[in-house]
Amino acid sequence: MLPSVVGALLSAVVLAYVLPDANYMRHKRSVVGARALRRAIVVVYTVLLALNLWCAAVMPVTLVCDAIAVSTLVATGTFGFVLAERRIPATTVVQRRRVLAVGAHPDDLELACGATLAKLVDTGHEVRGLVMSSGEVGGNPGLRPAEAQRGASFLGLSALRVHHFPDTRLDAVGNEMVRAIEDAIKEFEPDVIFTHSAHDQHQDHYAVHQATLRAARAHHSILCFESPSVTRDFDPSVFVNIDGYVDVKVEAVLAHRDQTGKPYMTPGRVRGMAAFRGAQAKNTNAEAFEPVRLLGSAIGDL
């Protein structure tokens, strides 16, 4: 009976750890395929918990119950090994960089360069985000800024500021946005700035691109990321290998639940674009950027 009690307790502890979102968030950020792995753990340990409780409550000591208890221990070791093997490998860079990412709406950074930002954080760089609007026209302004904060926290950004300039009318507040971006640059002194492309048919994205270039007119390294609304003129020549980070990007995009249902927010679309740009870069998965200008010593081993 004792082995069954131990097996039941172990199963309950594992389920209590993986079921809460807070614990799951910590694991899925650094483990490839963590969502599917979590589902497997929940199914296996729910069954093991039921079997161990059954043995402890109604069954006499039998070889079957002992085997169930041993299976619980084996499953725990197996899942622990799988978690360790599927962790995204992290490297440490020689020189730590500061990266500022500027977007128009609460989900723009995750959609365009979420995997790159997460990889930069894991490699030891500091990343901050700046969002120009709360996205009130395209969603719920009471929810979207908080979703942006959750997405940024998941990616590992050290700070994210969401401004409340008018959604879909950012071109009317160009000077105000320039001052906001200038303030962020002065405070953070980034080595590299990411922002929207000039080849983007969304008026807010184009307005943020122009405002960023004006605010960073004296800056040496500006890369333009790829939003879902870029035109066919978007012509990237800088690619970042995001192998191991596609799942991270998918989860960061899914953090924007207010935008669920929009076709460009689906895991399939995110994975497809990563594979498409990866093929262009002669790699498996990539995110693409257009350089406005780029100082090699500034980007280093990003």
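This report walks through the fold, the sheet and a surface patch of the protein shown above.

**Overall picture**

The model is a predicted one. In it, the protein has eleven helices and seven strands. It counts 302 residues, and 49% of them are buried. If you look at contacts with a separation of 6 or more, 81% come from residues 24 or more positions apart. The protein exposes about 14200 Å², and carbon and sulfur atoms supply 60% of that area.

**The sheet**

Let us turn to the strands. Strands of a sheet pair through backbone hydrogen bonds, either parallel or antiparallel. Here, seven strands make an open sheet with mixed pairing, and their order is E3-E2-E1-E4-E5-E7-E6. At the edges you will find strand E3 (159-162) and strand E6 (238-241), each of which pairs on one side only. From one strand to the next, the twist averages 25°.

Helix H10 (residues 267-280) packs on this sheet, where it touches E6 and strand E7 (286-293). The direction of H10 makes about 65° with that of E7.

Two of the strand pairings are set side by side here:

| Strand pair | Sense | Bridges | Residues standing opposite |
|---|---|---|---|
| E4 (residues 192-195) and E5 (residues 222-225) | parallel | three bridges | Thr195 and Cys224 in E5 |
| E6 and E7 | antiparallel | four bridges | Val238 and Phe289 in E7 |

Which side chains of E6 are buried, and which are not? Val238 and Val240 point to one face and are buried. Phe239 and Asn241 point to the other face and are not buried. Val238 thus appears twice in this picture: as one of the buried side chains of E6, and as the residue opposite Phe289 in E7.

**A nonpolar patch on the surface**

Away from the topic of the sheet, there is a patch worth a look in your viewer. Val43, Val47, Leu51, Trp54 and Val58 form a nonpolar patch on the surface. Together, these residues have about 450 Å² of accessible area. One of them, Val43, lies in helix H3, which covers residues 34-58.

Is Val43 buried or exposed? Val43 counts as exposed because its relative accessibility is 54%, and the cut-off for exposed is over 50%.

How values were computed
Residues numbered from 1 in each chain as written. Predicted model: local features only at pLDDT ≥ 70, side-chain atom pairs only at ≥ 80, totals over all residues. Heavy atoms only, no water. Patch = residues over 30% accessible without salt bridge, like charges linked within 9 Å, V, L, I, M, F, W, Y side chains within 5 Å. Areas by Shrake-Rupley, 256 points an atom, 1.4 Å probe, with all protein chains shown as cover. Salt bridge = Lys/Arg side-chain N within 4 Å of Asp/Glu carboxyl O. Helix = DSSP H or I, 4+ residues; strand = E, 2+ residues; numbered from the N terminus. Buried < 20%, exposed > 50% of the residue type's maximum accessible area, 1.4 Å probe, protein only. Pairing = 2+ DSSP bridges. Axes fitted to C-alpha atoms, helices over the stretch in contact; angles between N-to-C directions. Contact = heavy atoms within 4.5 Å.
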